[in-house]
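Here is a short tour of two sheets and some annotated repeats. Have the viewer open as you read along.

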Amino acid sequence: MVDESKQLQGNKDGDKHQTQESTNTSGNSQPSAPTPAQVPSVQQQQQQKSSTQNQQSTTGSARSSQGRSNQPQYSQADLNRIVLEYLNKKGYHRTEAQLRLESSNIPTPAVPLATPATTELASVNEIGDNKDLKEKLTKAEQELKELRDKQSKIEKELREAKDREVKISKEKELKQLKELEKKTKRESDPEIYFTAYSMLRRWVGSSLDLYKPELSRVLYPLYIHCFLELISKGFSSEAKLFFDKFRSDHLVLHGIEVEKFAGLSLPEHLEENDLAVAYRKYKYRILVSKTSLNLLIYFLHENEAVGGGILIRIINQYLDPVISTNRPDKIDQEGEANPEEGISEYVTDTNEVKKFNEQNVKLGKLPIDPDVAKEVEAELKIKDEKIEPVNNKTLTKEFQDMTKPDQDSPVRESLPLPLKDANDIKKMIIQVEDSRSKIKLGAIQASLPSVCMYTFHNTNNNMTCIEFNDDSTLVAAGFQDSYIKLWSLDGKPLKSVLKRDRHKPQENTRKLIGHSGPVYGVSFSPDNKYLLSCSEDKTVRLWSLDTYTALVSYKGHTQPVWDVKFSPLGHYFVTASHDQTARLWATDHIYPLRIFAGHINDVDCVEFHPNSNYVFTGSSDKTCRMWDVHTGNCVRVFLGHTNSVNCLAVSPDGRWLASGGEDGIICVWDIGSGRRLKSMRGHARASLYSLAFSRDGTVLVSGCADNSVRVWDVKKNTNDAGPEPEAFNNNVNGNETNSDGASSTQQQQQPQQQQQQSKKESIATSDHMNAFFTKKTPVYKVHFTRRNLCLAAGAFQG
C-alpha cells in the first residue's frame, strides 16, 4: 500500500507540472493550487497520458511532413492527367479510354485511419444488410442463396400448414425448388461446359456424312454462348481456357467474330461489346432439316445429366432453328457461308476464307535456264531444217511458246535445281516434238479423247496403287504384300546395267522388294531415272530404274505414308501421311526440307503446281490446301467437299485445280482467288480415285470406284466457256474405237442397259461429256500422254 500511494503521488506531481507547462505556453495566468476535489482519478490520469502521447506523435509526423514540403505536391487529378497524356502519346487508346471512364467518377474522400479506439461496433441490422458481402458473391452463388432462402421459407410454411391441400402444394413447390437448386449447382460448375461441348463436338464429328454438314453449323453458336455464359457467371479464367481450346475450329468461317470475342473477360464487357449484346439479345438463325434437328435434340436429352440440359436450354433461349424443306445433303455444304444464317440484326462478314485467299501467289511458268534454252533451240533449228513444219508451226516456235514466261511467273532462282545434262536436253527435245504433235481436244469446243484401259488380272485384291511414267512407257503398281511391280508398255525388256543381274534379260516386268508394309503410293521422276514409293512402314524409298535397286530410305513421318509425288521439274518430292502432315523432300537430303502442318486429319493426297513453287494437299478433314514451298505456309484453303479428298489435279497452265473424294463430286477451283468455279456430278456416291487434265487443259478425265472413266468439259458453265455445240443424236455405238493391246480391254461398246442403270443412280451435270464403263474393274488411275491419249488402269475385281 505504501508503494502504491507513493507511485500515485508521483503521477499526480508529474501531471501537475505538465499542466502548468502547457498553461504557460498558451500565455494564460497560472492557476491556483488544486483542491482535493480537483485531484483527478487514476482513470482520468491514464486518459490524459494517452492523449498527450498522441499529441506528441502527431507533432512528430507534422515535422517530417514539413521536411518534405519542399517537394512538389500533385493532386489525384494532376496524376490522372499525366498518365492520360503518356498513354495517348504511346498509342494505348483503349487503356486511355478506360482510365478516363474510371477517373470521371468522384474520388472517395480520405478518411482517418481506423483503429479499435476510434471504430464503433456495428449493430445487428447492419451486419445482416452487408452489401459488400453480397457484391463479392458470384451470380451463381447468389442464385443458390436465394433458392435456399425460398426453401427455408417454404419448409417453415409447410410445418405450420394444417390444411392437406396446402401441404401437398407446398411439398410440390419444395420439390421443384430442390430440383432447380440441383440444376443450378450443376450449371454453376464451369467444367460442365467443357464436358457438354466436347461431347457434342465428338458426336457431330462421328455422325453420318448425310447429316454432318448441317450439324456442324450448330457448333459455332453453341460454342459462343457457352463462352458468354462462363463470363456472365464470373468464371473468367475458365472462359479463357474454353475459348482458346476450341477457337481453331471456327477461325476459317467465323474468324472476324472470334477475334472480336477474344477480348472479353469480365461480365461488364458483355454490356459494352456490341457483338456480345447482339448474341444475348437476339436469336441466332440457323437452317437445319427436321431429321437432323430431331437427332440433335434426342442426343442432348439422352445426355442431359452430363451437360446436354445446358445445351438444350441455350438452343431454346438463344437459337432460332428454321426447318429446311430440302434433304440434309442438299443444303449448303460445310465451309460455305449462308447469308440467311446468323443474327439478322447484326450484319457482319464472318467468312475469313475470302480474306485468307487474297494472299499473293505466283502461278506462271518457272523460267528456264537461258544457257539450256540456247542449247535446245540450237538442236531444234537443226531438226527444223530437215523436217517440214506441222500445222505451220516449227519446233523452235513450239519451244518458245512452251517456255514463254507469264506476267506472274516466279523468278528462276526461287527454286534451286541441279544442272541439266545432255540426256535432259535430249528429253526436252522429245517433249517439244510430242507437244507439237498432240491432238487438239479443245480449240473451240471440248471433244472426247481416246481412252485406253489397262486391266490387271490375278491381283487377288492386293493392288493398292498404279502410276504411269511421263512418256507412258512404264507402269508401276504397289501391293499389300510390300512390293512394287513394274511393267514395260512398249514391250522393251527391263534390263539392268548391273552385270550380275539375276533377272531374265527378255522379261518386261520387274519386282522391287524392300518395304516392310503395304505400298500405298508410287511416282516416277520426270527423267524416268528414279521411282519413289511410300508405305505403311512410315518410310519413302527411292529406287533406281537403271539398276532396279533401292537407293535411299527417307524416314521422318511418324505414321503410315499415303501418297508421294515427284516434282514436274525433278529433284524434289512431297509426301502425305496419317500423321496429318505433308512434307517436302529433296532426293539428295534424307530429312524433310519443309513440314506442311495445318490439316486436322489425315493428308490423303498431294500434287505439285506446274512451276513447283507450290504444293496442294487433300485431306480427310474435307479440305484442300495450297502451300508455299519457300515459307512452308498455307496460302490457300479450298472448302466445299463433304467427305475425304482422295485425288487432285492441276491444269497445265497452273490456273485451275480439280479435286475429288469420297462424296463422288468433282470440284473445280480457281487457284488465284481460291473460289470454287463449279461442282461436277455423275459418279453418284462412289469414291473418286484419280483425276487428270488433258495437255491443253480443256478436258478432265476421272477414274472411280463405280467401274467407269468419265470425261468432263472443264470450261463449260464457267466464264471461259466456249460456244454451245449444235444439237445432234449421240450414237453410243459409234465408230470410235479404243484399242489397248494385249493386256487392255476395249471401251467402244457397252450395253445400253448398264448405262441406263447408271443414269438412274445419278443424274450427271451438263458438263459431263461421256462415260466409259468397265465390267468389274474399278479405275485406279487415269493419265494423259504427251499427245493427249488417255490411259486408264485398274485391278479386275471378279
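## Repeats in the record

UniProt, in an unreviewed entry, lists "repeat: WD" for residues 456-490, 512-553, 554-585, 596-637, 638-679 and 688-715. The model you are looking at is predicted, so please read the geometry below with that in mind.

Two of these spans are worth a look. Residues 456-490 are 54% strand and 0% helix, and the C-alpha atoms at the two ends of the span are 16 Å apart. For residues 554-585, the strand share is 59%, again with 0% helix, and the end C-alpha atoms lie 9 Å apart.

## The sheet from β4 to β7

Strands of a sheet are held in pairs by backbone hydrogen bonds, in parallel or antiparallel fashion. Here, 4 strands in the order β4-β5-β6-β7 make an open sheet with antiparallel pairing. Because β4 (463-468) and β7 (509-513) are at the edges with a single partner strand each, one side of each has no neighbour in the sheet. On average, neighbouring strands are turned by 20° against each other, direction ignored.

Zooming in, β4 and β5 (residues 474-479) run antiparallel and are joined by 5 bridges. Among the residues to find is Phe 468, whose bridge partner in β5 is Val 475.

## The sheet from β20 to β23

Further along, an open sheet of 4 strands follows the order β20-β21-β22-β23, with antiparallel pairing. Its edge strands, β20 (645-650) and β23 (675-680), each pair on one side only. From one strand to the next, the twist averages 25°.

Strand β20 is linked to β21 (residues 656-661) by 5 bridges, and the two run antiparallel. Look for Val 650, which sits opposite Leu 657 in β21.

Notes:
Residues numbered from 1 in each chain as written. Predicted model: local features only at pLDDT ≥ 70, side-chain atom pairs only at ≥ 80, totals over all residues. Heavy atoms only, no water. Pairing = 2+ DSSP bridges. Axes fitted to C-alpha atoms, helices over the stretch in contact; angles between N-to-C directions. UniProt positions renumbered as here; feature names shortened; annotations may be inferred.
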